[in-house]
Amino acid sequence: MFDYVIIGAGFAGSVLAERLATEMNARVLIVDRRNHIAGNAYDYYNEAGILVHKYGPHIFHTNSEKVFTYLSRFTGWRPYEHRVQASVDGQLLPMPINADTLNKMYGLNLNCLQVEEFLQSVAEPCDNIKTSEDVVVSRVGRELYEKFFRNYTRKQWDLDPSELDAAVTARVPIRTSRDDRYFTDRFQAMPVEGYTRMFEKMLDHPNIHIMLNTDYNDIKDEISFRELVFTGPVDEYFDFCYGKLPYRSLQFEHQTHDREQFQPAAVVNYPNEHAYTRVTEFKYLTGQEHKKTSIVYEYPCAEGDPYYPIPQPQNAELYAKYKAMAEALPDVHFAGRLATYKYYNMDQVVAQSLTLFQKLSGRRPTRSAQ
Ligand code: FAD
Ligand code: UDP
């Protein structure tokens, strides 16, 4: 008999397992259908001995001191600021769009103020920004939108930006400065021994039992527990009773090359060419030194593991129905990117689980207090 059974050993499930075991002395069983912990953040040393991210590049960044301090219990950090280039019109240009992007692209020498003037001259004003097209076109106009955003988005989501919520392309800022970092968060760093090692430390507690290669559906009638935390897809939990929530998937093609460096930046985005969206070279992220180098191509697709909730109004409506069902179950809690159908980064998932833990710890006395 466990106090808590947690489905999913990614950030959502592992943070809760750690908190419940450490702070409430709860007996926790954590179950995952994959053969490893760490969810989509899983990393491992490949056959060449290079640390790679199995499910695509994971770069840690947060403005939350609380989240950073919490994770720092389980890992040291390697400072890392992420930089991306986009292949446009035969050149590699800084992405997010900044002063250098425009100067290189148009052969200009504008300063930051002149860049602002230029953007205002090409922007198409929009009073009511609703879609991912509005958010970009209203800031940089149609030409830059088409070169940098439109086709990438169509490839990634199989939808036109005009069909997606504004929040999707709004993830990527537009800058008038020369700042070429992908993120500007206060804390930007990579776990020094990798994500999987950090998760191993998080879950290393005598009260936490881990069961891998096990699907919840196959054991749900056999395990007994007081409360359940579910971090898989919420529609799956309810047997798709209102229909399937759409998720976007990816296929990853990993390669190792017999040379030290493959490309001039950690990530190169290909908005307009190829079937893949981006290529990541892992050694930039990890700082590892090695004679060879490993990269991954991301090919978006409809079928496969659910990686991205699709931010559209009709999907939010469908999710609201599942959310209402979820809220009616007092002993089952839903957390994480798939179970709350939110396009969350890792730090947001950690914050969500820490908040859920506060709620759970307020409801039940700790075992030692019983
Ligand atoms: P997951 O990591 O998906 O974990 C859920 C786990 O539940 C999985 O291991 C799954 O196997 C298991 N599970 C599901 N259903 C069942 C079941 N029925 N039975 C048993 N087990 C089940 N975030 C960033 O902050 N920075 C980045 O750079 C970044 N890059 C990303 C790149 C890609 C390609 C993707 C897809 C995501 C990226 N993210 C990034 C987001 C990040 O992956 C998520 O925020 C985070 O991993 C979500 O954690 P989670 O625990 O909610 O979900
Ligand atoms: N995007 C784009 N061009 C780019 C990079 C991003 O159009 O070069 C859009 C695209 O719709 C993408 C979204 O912005 O899905 C968010 O980009 P981000 O890099 O945050 O995606 P993630 O890392 O979550 O896949």
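Two strands are said to pair when DSSP finds at least two bridges between them. I begin with that definition, colleagues, since the sheet will occupy us first. Please keep in mind throughout that this is a predicted model.

Let me start with the overall division of the protein. The domain assignment gives a domain 1 made of three stretches, 2–41, 193–245 and 309–369, and a domain 2 that covers 84–171. Between the C-alpha centres of domain 1 and domain 2 the distance is 37 Å.

I turn now to the sheet. It is an open sheet of 7 strands with mixed pairing, and the order is β8-β7-β13-β14-β15-β12-β16. At its edges stand β8, residues 91–95, and β16, residues 308–309, each of which pairs on one side only.

If we follow the order from the β8 end, we first meet the pair β7 and β8, which is antiparallel and has 5 bridges. Within that pair, V88 has Q91 of β8 as its bridge partner. The two strands form a hairpin with 2 residues between them, and there D89 takes a positive phi near 50°.

On its other side, β7 runs parallel to β13, and 3 bridges join the two. Here V84 is placed opposite V267 of β13. Strand β7, residues 84–88, also has two unlike faces: V84, A86 and V88 lie on the covered one, while Q85 and S87 lie on the uncovered one. V84 thus appears twice in this account, as a residue of the covered face and as the residue opposite V267.

Next in the order comes the contact of β13 with β14. β13, residues 267–269, and β14, residues 278–281, are antiparallel and share 3 bridges. In this pair V268 faces V279 of β14.

Beyond the edge strand β8, the backbone has a feature worth pointing out. The peptide bond that joins M95 and P96 is cis, with omega about 5°. P96 belongs to the loop between β8 and α3, where α3 covers 99–106.

Let us move to helix α1, residues 11–24. Does its length suit a regular helix, or does it not? At 1.5 Å a residue, its 14 residues should span 20 Å, and the end C-alpha atoms are 19 Å apart, which agrees. Of these 14 residues, 12 are buried. The buried residues include the run from F11 to A21, and M24 is buried as well. Among the elements that cover them are the strands β1, β2, β10 and β11 and the helices α6 and α11. Just after the helix, N25 has a positive phi of about 55°.

Helix α1 leads us to ligand 1. Which residues come nearest to that ligand? Of the 34 residues around it, they are G8, G10, G39, G232 and G336. The elements that contribute two or more residues to this shell are α1, α7 and α11. By type, the shell holds 16 nonpolar, 12 polar and 6 charged residues.

Ligand 2 has a shell of 13 residues, in which F149, Y152, T153, R171 and N269 come nearest. Helix α5, residues 132–157, supplies the largest share, namely 5 residues. This shell divides into 8 nonpolar, 4 polar and 1 charged.

I close with three loop residues, beginning with two whose phi is positive although neither is a glycine. D239 has a phi of about 50° and sits in the loop between α8 and β12. Y341, with a phi near 50°, sits in the loop between β17 and α11. Is each of them buried or exposed? D239 has 8 other C-beta atoms within 10 Å and is therefore exposed, the limit for that class being 12 or fewer. Y341 has 26 C-beta neighbours inside 10 Å and therefore counts as buried, since 20 or more suffice.

The third residue, N46, lies in the loop between β3 and β4. With 15 C-beta neighbours inside 10 Å, N46 counts as partly exposed. Leaving aside residues up to four places away in sequence, N46 touches V52, T256 and S294. From N46 to M198 there are 152 residues in sequence and 18 Å in space, taken C-alpha to C-alpha.

Thank you for your attention.

Note on methods:
Residues are numbered from 1 along each chain as its sequence is written. Chains are lettered from A and ligands numbered from 1 in the order in which they are written. This is a predicted model: local features need pLDDT of at least 70, side-chain atom pairs count only at pLDDT 80 or more; totals for chains, interfaces and linings use all residues. A residue is near a molecule or strand if its C-beta atom, placed from the backbone, lies within 6 Å of it. Helices (H or I, at least four residues) and strands (E, at least two) are DSSP runs, numbered from the N terminus. Ala, Val, Leu, Ile, Met, Phe, Trp, Tyr, Cys and Pro count as nonpolar, Asp, Glu, Lys and Arg as charged, and the others, Gly among them, as polar. Domain bounds come from an automatic or database domain assignment. The expected span of a helix is 1.5 Å times one less than its number of residues. Two residues are in contact if their C-beta atoms, placed from the backbone, lie within 7 Å.
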